[in-house]
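Open the model in your viewer and keep the selection tool ready. Each stop below says what to pick and what to look for there.

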Amino acid sequence: MERIASIERKTNETNIKLALDIDGEGQSTLETGVPFLTHMLDLFTKHGQFNLTVDANGDVEVDGHHTTEDIAICLGQALREALGDKKGIKRYGNAFVPMDEALAQVVVDLSNRPHLEMRAEFPAQKVGTFDTELVHEFLWKLALEARMNLHVIVHYGKNTHHMIEAVFKALGRALDEATTIDPRIKGVPSTKGML
C-alpha cells in the first residue's frame, strides 16, 4: 500500500502545493521562497527517508511567517492523510541528533492527540533572514495538523543555525521510526483499538 498524499492550500497570503511519500528515498524538490526553511525541509526529508515536493508562493516580501506556517499546515495534513488508518506502524519515535556543539532530541507519538512541548532557547533572533521564532510556529502547526504529540528539546548549543538544524534532522529521524511498519503489530498499536 502506497503511503502518499498531496495537499493544495490557497489563501490570500500563500499558494502551496505539497506532496509527501512516507516510504521514499530522502529526495526533495523544494521551492518555498524562504531559503532557510528550504534548507531545513531538505534535511528533514533526507533524514526521514521521505520524498517531499513543495511548491510554495507566499507573501515573503512581508516576512516568512505565512509561508512557513502554511507549509507546516500542508505537511501535517499530508502526513496524517498518508498514514491512513495507521495499522502496523510503530507509532512512537525518538531521535537524538548532535550538530557540532548542539544536541537536539525529538520524540513523537502519532496518537491523534495534537500537542507540542518545546524546550529550546535560541541565542539569535534570526538566521539569515529567517526569524527563529518561526521554528515554534512550524512545529506547532505540524503537530496540530498531523494530530501528533511532539516533544522537542534542545539540550544545549551556542550556534542557532546548528541548534535548529539538529531539530529538523531529529524530527525526520523520529518520524521515520514512528511511521515504520512493524510486521509484529496487528492492527493499530493502541489498547483502545484506534488512533
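**Stop 1: a lysine**

Select Lys 169, which lies in helix H4. This is a predicted model. Is Lys 169 buried or exposed? Its relative accessible area is 13%. The cut-off for buried is under 20%, so Lys 169 counts as buried.

Show what surrounds the side chain. Beyond its neighbours within four places in sequence, Lys 169 is in contact with Leu 43, His 47, Val 97 and Met 99. Now add Phe 96. It sits 73 residues away from Lys 169 along the chain, yet the two C-alpha atoms are 8.9 Å apart.

**Stop 2: the whole of H4**

Extend the selection to residues 160–179, which make up H4. The helix has 20 residues. From first C-alpha to last it spans 29 Å, close to the 28 Å expected at 1.5 Å a residue. How many residues of H4 are buried? The count is 16 of the 20, so H4 is largely enclosed by the rest of the structure.

Look at the N-terminal end. Asn 159 caps H4 there. One of its side-chain oxygens lies 3.0 Å from the backbone nitrogen of His 161.

Then go to residue 179. Thr 179 has 1% relative accessibility and so counts as buried. Its side chain reaches back to the backbone oxygen of Leu 175, at 2.8 Å. An α-helix has 3.6 residues a turn, so residues three or four places apart point the same way. Farther along the sequence, beyond four places, Thr 179 is in contact with Arg 3, Ile 22, Phe 50, Leu 79, Leu 83, Ile 89 and Leu 110.

**Stop 3: H1 against H4**

Add helix H1, residues 35–48. Two packed helices are described by the angle between their axes and the distance between the axes. Here the axes of H1 and H4 come within 7 Å and cross at roughly 35 degrees. The crossing is right-handed. On the H1 side, the residues making the contact include Phe 36, Met 40, Leu 43 and His 47. Among those on the H4 side are Ile 164, Phe 168, Lys 169, Leu 171 and Leu 175.

**Stop 4: the sheet under H4**

Select the strands E5, E6, E10 and E7. In that order they form an open sheet of 4 strands with mixed pairing. Strand E5 (92–99) and E7 stand at the edges. Each has a single partner strand, so one side of each is left without a neighbour in the sheet. Neighbouring strands are turned by 10 degrees against each other on average, direction ignored.

H4 packs on this sheet, touching E5, strand E6 (102–109) and E10. Its direction makes about 150 degrees with that of E5. Helix H3, residues 134–146, lies across E7 and E10. H3 runs at about 155 degrees to E7.

Zoom in on E7, residues 115–119. Which residues of E7 form its covered face? They are Leu 116 and Met 118. His 115, Glu 117 and Arg 119 make up the uncovered face. In a regular strand the side chains alternate between the two faces of the sheet. E7 pairs with strand E10 (residues 149–156) in the parallel sense, over 5 bridges. For two landmarks, find His 115 opposite Asn 149 and Met 118 opposite Val 152.

**Stop 5: the other sheet**

Switch to E1, E2, E4 and E3. These 4 strands form an open sheet in that order, and the pairing is mixed. Strand E1 (4–10) and strand E3 (28–31) are the edges; each has a single partner strand, so one side of each lacks a neighbour in the sheet. The twist averages 5 degrees from one strand to the next.

Start from E1. A hairpin of 3 residues joins E1 to E2. The two pair in the antiparallel sense over 7 bridges, and Lys 10 has Asn 15 as its bridge partner in E2.

Move on to E2. Its covered face holds Thr 14, Ile 16, Leu 18 and Leu 20. The uncovered face holds Asn 15, Lys 17, Ala 19 and Asp 21. Strand E2 (residues 14–21) also pairs with strand E4 (residues 51–58), antiparallel, over 8 bridges. Ile 16 stands opposite Ala 56, and Asp 21 opposite Asn 51.

Finish with the helices on this sheet. H2, residues 65–83, packs on it, touching E1, E2 and E4. H1 lies across E3 and E4, at about 165 degrees to E3.

Notes. Residues are numbered from 1 along each chain as its sequence is written. This is a predicted model: local features need pLDDT of at least 70, side-chain atom pairs count only at pLDDT 80 or more; totals for chains, interfaces and linings use all residues. Side-chain values use heavy atoms; hydrogens and water are left out. Buried means under 20% relative accessible area, exposed over 50%, partly exposed in between (1.4 Å probe, protein chains only). A polar contact is a pair of N or O atoms within 3.5 Å; within protein, one must be able to donate a hydrogen and the other to accept it, and residues adjacent in sequence count only if both atoms are side-chain atoms. Contact means heavy atoms within 4.5 Å. Two strands pair if DSSP finds at least two bridges between them. The expected span of a helix is 1.5 Å times one less than its number of residues. Axes are lines fitted to C-alpha atoms, for helices over the stretch in contact, and angles run from 0 to 180 degrees between N-to-C directions. A crossing is left-handed if the near helix is turned anticlockwise from the far one by less than a right angle, and right-handed if clockwise.
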